[in-house]
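This report describes a computed structure, shown below with its sequence. The text takes up the DNA strand, then the single chain, then the pairing of the chains.

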2 protein chains.
Amino acid sequence: MALLLEHGYHGLGTQALLEAARAPKGSFYHHFADKEDFALQVIDEFMRHVHAGLDQALGDTRRPPLERVRRFFEMTKESYKKEGYLGCLMGGLGQELAGTSEVFRRRIDRCFAAIAERTAECLEEARQAGDIPADSDPRRMASLLVDCWEGAALRSRLRGSPAPLTAMLDFYFRSAAGRSTA
Amino acid sequence: MALLLEHGYHGLGTQALLEAARAPKGSFYHHFADKEDFALQVIDEFMRHVHAGLDQALGDTRRPPLERVRRFFEMTKESYKKEGYLGCLMGGLGQELAGTSEVFRRRIDRCFAAIAERTAECLEEARQAGDIPADSDPRRMASLLVDCWEGAALRSRLRGSPAPLTAMLDFYFRSAAGRSTA
DNA sequence: ACTTGGGACTAGACCGGTCGGTCTAGTCCC
DNA sequence: GGGACTAGACCGACCGGTCTAGTCCCAAGT
């Protein structure tokens, strides 16, 4: 739900949520145990979207692996644009809730790890193909990419512009192709 | 105030705040117009600290400019450690409030821009000294560094570990020295 | 030197509103 | 007739913020 991204967890009241969904409270608490459960399920659905995007971008084996990785992030950038540059839901909830909720902290970290893991597989392909240095560490490179992406997404949100995302990807892929991170 | 970083803006209630400060409500609303004003002043104080850190790290002209930049971030990493890896206050508030408050959105973006600007000056020195390619764009490089740092800080917070910060800095400085971002 | 007036600040009772969540009644459909 | 679901009144707690009363301290007035 975009409301969660826009207002944040604490900033989104049940009333506003219900009004936007045009649903009464009874329905909400029939489907969700509580507000936390709701947010957790939103995260689940978000991650299903992300994995679908990864399938689409990374699974296109006609392209070279490095290009597939970049394409995933370019697609994500495109979806940010559609939402009006609100950044990433995981980044938003992660920052807001990591300090108070172990449940969210762990969950969101696992989400990032999952994205990085799939990216790492593709990077390993690139390494074997010789598109990145042989002594690169794909896991490390992938984690780094996801982390930096999140930072660029925050800045993109603050500025209402895709520029930080583009700059970050340009730098990363130019550097990755030429240097190792072992 | 660390409470703001830990709980977030909406997550930090006036009551909890007052108890922690051992101050009655009257005092609080004597010193601050409202909760927003309080947070804004916390940001101001935070930025004074940051600028002091920049003075200390970047002003040490005995070291080469690139090393000074890295030192600033290493120092920041050290302060994150002392706080128990809660990441960056600007990143936290930025993510939480950018969607609903133009005031905070603009303010926080300006803070990042200020840090990047001072970093850029030092990077320009590095460029002139030949420590980074002559066709590098220091402004772009600095903004990128700050953005990626914020992403690594979020991940560091989620994992309770400095590893993402270190990995990011290693990658950045290795790449910056060898390639251009013009 | 003592009084006294007033701003800075402390102190917390109090306010309406909204929060997340529960409950009961009713509807729909198999 | 009985579960799945809708519907919204209702709940106590807590929210951010106001208000009045009182304390402290220092400067001006005599």
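## Surface near DNA strand D

Of the 14 residues around DNA strand D, those that come nearest are A:Gly26, A:Ser27, B:Gly13, B:Thr14 and B:Lys35; a residue is near a strand if its C-beta atom, placed from the backbone, lies within 6 Å of it. The model is predicted: local features need pLDDT of at least 70, side-chain atom pairs count only at pLDDT 80 or more, and totals for chains, interfaces and linings use all residues. Residues are numbered from 1 along each chain as its sequence is written, while chains are lettered from A and ligands numbered from 1 in the order in which they are written.

Three elements each supply at least two residues of this surface: α3 (25–31) of chain A, and α2 (14–21) and α3 (25–31) of chain B. The largest share, four residues, comes from α3(A). Helices (H or I, at least four residues) and strands (E, at least two) are DSSP runs, numbered from the N terminus.

The table sets out the residue classes of the two surfaces described here. Ala, Val, Leu, Ile, Met, Phe, Trp, Tyr, Cys and Pro count as nonpolar, Asp, Glu, Lys and Arg as charged, and the others, Gly among them, as polar.

| Surface | Nonpolar | Polar | Charged |
|---|---|---|---|
| Near DNA strand D | three residues | seven residues | four residues |
| Side of chain A that touches chain B | 15 residues | 16 residues | twelve residues |

## Chain A

Chain A has nine helices and zero strands. Its C-alpha atoms fill a box of roughly 55 × 35 × 30 Å, taken along the principal axes. Of its 182 residues, 40% count as buried (20 or more other C-beta atoms within 10 Å of the residue's own, with C-beta atoms placed from the backbone).

## Contact between chains A and B

The contact takes 43 residues from chain A and 43 residues from chain B; two residues are in contact if their C-beta atoms, placed from the backbone, lie within 7 Å. On the side of chain A, the elements that give two or more residues are α1 (2–7), α6 (89–97), α7 (102–129), α8 (138–159) and α9 (163–178). The largest share, 14 residues, comes from α8(A).

A turn of 180° and a shift of 0.0 Å along the axis lay chain A on chain B with an RMSD of 0.0 Å. The two copies are thus related as by a two-fold rotation axis. Copies are superposed by least squares on the C-alpha atoms of residues with pLDDT of at least 70 in both. Of the residues of chain A, A:Gly151 comes closest to the rotation axis, with its C-alpha at 1.7 Å. Because 100% of the interface residues of chain A are also interface residues in chain B, the copies meet through the same surface.

Definitions and conventions:
Buried ≥ 20, exposed ≤ 12 C-beta atoms within 10 Å, placed from the backbone.
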